[in-house]
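This briefing goes through the fold, the confidence and the main pocket of the model shown below.

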Amino acid sequence: MAESEREYIREKSLEGQASARERGRHGGRPKVVDDDMAAYARSLRANGVPVPQIAQKLVITSGKNKGEHPSVATVYRILAEEADSTE
C-alpha cells in the first residue's frame, strides 16, 4: 500500500514539474555566472591569469550574492565546462 502511495505522489510531482516547465518556471537555484562573465574568465585564463585572481576580478551581477565575487571553485567549474564542450 505504501509503495503505491509513494508512486502516486511521485507521478503527481512529475506532472506538477512538467506543468510548471510549460509555464516557463524552472526549479533550482539561479545561475551565478552569465555568458559574458564566463567568456571573460576564459579570456583571462588564456592570458595566463591564475584562477584565484580571476575570481577576484569577476563580480556577481544578480541574486542574493549580487556585488560579491564568485568562489574559486565556481571559476574552476566555468573553465571545466569549456574544456568539456571542446572535447
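Buried residues, those under 20% relative accessible area (1.4 Å probe, protein chains only), make up 18% of the 87 residues in the protein. The model is predicted: local features need pLDDT of at least 70 and side-chain atom pairs count only at pLDDT 80 or more, while totals for chains, interfaces and linings use all residues. Residues are numbered from 1 along each chain as its sequence is written, and side-chain values use heavy atoms, with hydrogens and water left out.

**Fold and overall shape**
- The protein has four helices and zero strands, where helices (H or I, at least four residues) and strands (E, at least two) are DSSP runs numbered from the N terminus.
- The order of elements from the N terminus is α-α-α-α.
- The radius of gyration, taken over C-alpha atoms, is compared with a globule rule of 2.2 Å times the number of residues to the power 0.38.
- At 19 Å, the radius of gyration is well over the 12 Å that the rule gives for 87 residues, so the protein is more spread out than a compact globule.
- Along the principal axes, the C-alpha atoms fill a box of roughly 60 × 30 × 25 Å.

**Helix α1 and residue M37**
- Helix α1 (residues 2-22) has 21 residues and spans 30 Å from its first C-alpha to its last, close to the expected 30 Å, which is 1.5 Å times one less than the number of residues.
- G24 follows α1 and has a positive phi, near 90°.
- M37 lies in helix α2 and is buried, with a relative accessible area of 6%.
- The C-alpha atoms of M37 and K57 are 10.0 Å apart, with the two positions 20 residues apart along the chain as the separation.

**Largest pocket**
- A pocket is an open set of points on a 1 Å grid over the protein atoms alone, where a 1.4 Å probe fits, with protein on both sides within 12 Å along at least five of seven lines; lining residues have an atom within 4 Å of a point.
- The largest pocket has a volume (the space filled by probe spheres set on the points) of about 350 Å³.
- Its lining has 18 residues, of which K31, V32, V33, T74 and R77 are the closest to the centre.
- Helices α2 (35-46) and α4 (72-86) each give two or more residues to this lining, and α4 supplies the largest share, four residues.

**Confidence**
- The mean pLDDT, the predictor's confidence in each residue from 0 to 100, is 89, and 94% of the residues score at least 70.
- Confidence is lowest in α4, at a mean of 83, and highest in helix α3 (residues 51-57), at 94.

Note on methods
Buried < 20%, exposed > 50% of the residue type's maximum accessible area, 1.4 Å probe, protein only.
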